[in-house]
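Please open the model in a viewer and keep the sequence panel visible. The stops below are arranged as selections to be made one after another.

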Amino acid sequence: MDTISNRTFAELKVGDSASLARTLTRADIELFAVMSGDVNPAHLDEEYARGSMFHEVIAHGMWSGALVSTVLGTQLPGPGTIYLGQSLRFLEPVGLGDTVTVLLTVTRLDPDKHRVTLDCTVTNQHGQQVASGTAEVIAPTEKVARPRIALPEVRLRERGGRYRALLAAAQDAPRVPTAVVHPVDTVSLLGAVEAARAGLIAPVLVGPEAKIRQAAAQANVDLAPYRIVPTAHSHAAADAAVALARTGEVGAIMKGALHTDELMHAVVARDTGLRTGRRISHVFALDVPTYARPLLLTDAAINIYPTLEDKRDIVRNAIELAHALGIAAPRVAILSALETVSPKIASTIEAAALCKMADRGQIEGAIIDGPMAFDLAVSEEAARTKGFVSPVAGRADILVVPDLEAGNMLAKQLEYLAEAQVAGIVLGARVPIMLTSRADGPLARLASCALASLLVRHSAAAAVIGSP
């Protein structure tokens, strides 16, 4: 077992030294920023740093100081040392990839107070001094040898980073006229207003006008910039929003303070709704910090026990969304409990059928494989261990679940156990439908609007390309 031990004051003499070498990584800079709260863009923002006097991202000065502390606490004098003071001058920047060596040398001993003064120098791989100074400590008087504490593994994860990239991608898309259905509480109204301020949608507020204005007063929102379509109640608001979409006055619908079933009843109405030739389905766009790529999960909210024909459309809807997000050939994993076809598990048979549909051109624009267990879909290591060879394994962009129960549980597990952000959207209707929830955070609500905006732009581009 690795141990750390000290040198007592009685063991020290002038000229004793100890050193430590460390190569600066981006993780070092980010972890130091998280710990200290110092988010100076010179250390974290590459674009800003290129215009600075150093022309690159550099370490925080006290990162070198922390390495001095490491040597004092673990080597010279080591465990039991009491840090009294430190002076450091920073002479040269430390950039990513630089290897610095910290050298501490005893220069003075005070036997009355057991105080030790040490010279501190920090040099880089080129022999240049990047920092220098002195440290004063009280050295231990008793010998200590202890097992080296195993530190926990630290993984830095940026929650919502992919959603912010999604919002940036949607900035070039036109504002989508959006019917916001029954926004009679502050949460749903503010969600629409924030999306409007972000340049994603042009809200049309549909619902009881008095209640909408009451919510606006509570949220201190000025409604003057927004059109209001008054209705008597939530049922009428859903019908009116669908009618606006049918006439082309709006290009998307956003759910407000009403039940999903109530809104979707109006959407799927056979004669007055927004049906197309394709099955309507739901997609969760997930930002999972532990996964290396954006992830789409379908269907976890609309189709309870989809048939094979339904699943064909569910897959096609998700592929269309992936294309709108800029994923030209998304990898689609058809999930089941097994990676082999079993007559006893219907989802494995349907997965195999979907793959054959893709082979025959019935589903286009993606790389599709299944049946596939979840671990194989998202982990290349699991695929290697099990000898599972697939162009989708470990790199899935789209997860297609067997039924709503499995999808709903998987989405919530990713949200609450893997710290995923979850944004939902309904596809397959004449216009995209944002099914926001009261539990959604502001970033997830904006991400749903960005998805709709990118879909509308993609559909418009596809129509132009397909026109004579």
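A residue is called buried under 20% relative accessible area, exposed over 50%, and partly exposed in between. With that scale in mind, select Val154: its relative accessible area is 49%, so Val154 counts as partly exposed. The model is a predicted one, and the tour starts at this residue on its surface.

**First stop: a nonpolar surface patch**

Val154 sits in the loop between S7 and helix H5 (161-170). Add Leu31, Val34 and Leu156 to the selection; together with Val154 they form a nonpolar patch on the surface, with about 340 Å² of accessible area.

**Second stop: the whole chain**

Now zoom out and colour by secondary structure. The protein comes to 15 helices and 18 strands. Its radius of gyration is 30 Å, well over the 23 Å that the globule rule gives for 468 residues, so the protein is more spread out than a compact globule. Along the principal axes, the C-alpha trace spans about 95 × 60 × 45 Å.

Colouring by accessibility gives another view: 48% of the 468 residues count as buried. The protein exposes about 22,800 Å², and carbon and sulfur atoms supply 53% of that area. Among contacts between residues at least 6 apart in sequence, 70% join residues at least 24 apart.

**Third stop: salt bridges across the sequence**

Side chains of opposite charge can pair when their charged atoms come close. How many salt bridges does the count give? The count comes to 18 salt bridges, and three of the stops below show individual pairs.

Select Glu11 and Lys143, whose side chains meet in a salt bridge of 3.0 Å, N to O. Glu11 lies in the loop between strand S1 (3-5) and strand S2 (17-23), and Lys143 in the loop between strand S6 (129-138) and strand S7 (145-147), so this pair ties together parts that are 132 residues apart in sequence. Glu11 is partly exposed at 41% relative accessible area, whereas Lys143, at 52%, counts as exposed.

Move next to Glu320 and Arg278, where the side chains form a salt bridge of 3.2 Å, N to O. Glu320 belongs to helix H10 (residues 308-324) and Arg278 to the loop between helix H9 (260-267) and strand S12 (281-287); the two are 42 residues apart, and the pair links distant parts of the chain. Glu320 is partly exposed at 29% relative accessibility, and Arg278 is partly exposed at 23%.

Then select Arg293 and Asp397, which meet through their side chains in a salt bridge of 3.5 Å, N to O. Arg293 is in the loop between S12 and strand S13 (295-298), and Asp397 is in the loop between helix H13 (380-386) and strand S16 (398-400), so the pair ties together parts 104 residues apart in sequence. Is Asp397 buried or exposed? Asp397 is buried, with a relative accessible area of 5%, while Arg293 is partly exposed at 23%.

A further selection shows a group of linked pairs: Glu309, Arg312, Asp313 and Arg316 are joined into one network by salt bridges that share partners.

**Last stop: Glu350**

Finally, centre the view on Glu350 in helix H11 (residues 346-359). Show its neighbours: leaving aside residues up to four places away in sequence, Glu350 touches Pro306, Leu308 and Lys311. With Lys311, the side chain of Glu350 makes a side-chain polar contact of 2.6 Å.

Definitions and conventions. Residues numbered from 1 in each chain as written. Predicted model: local features only at pLDDT ≥ 70, side-chain atom pairs only at ≥ 80, totals over all residues. Heavy atoms only, no water. Helix = DSSP H or I, 4+ residues; strand = E, 2+ residues; numbered from the N terminus. Polar contact = N/O pair within 3.5 Å; in protein donor to acceptor, adjacent residues only side chain to side chain. Contact = heavy atoms within 4.5 Å. Salt bridge = Lys/Arg side-chain N within 4 Å of Asp/Glu carboxyl O. Buried < 20%, exposed > 50% of the residue type's maximum accessible area, 1.4 Å probe, protein only. Patch = residues over 30% accessible without salt bridge, like charges linked within 9 Å, V, L, I, M, F, W, Y side chains within 5 Å. Areas by Shrake-Rupley, 256 points an atom, 1.4 Å probe, with all protein chains shown as cover. Rg over C-alpha atoms; globule rule 2.2 N^0.38 Å.
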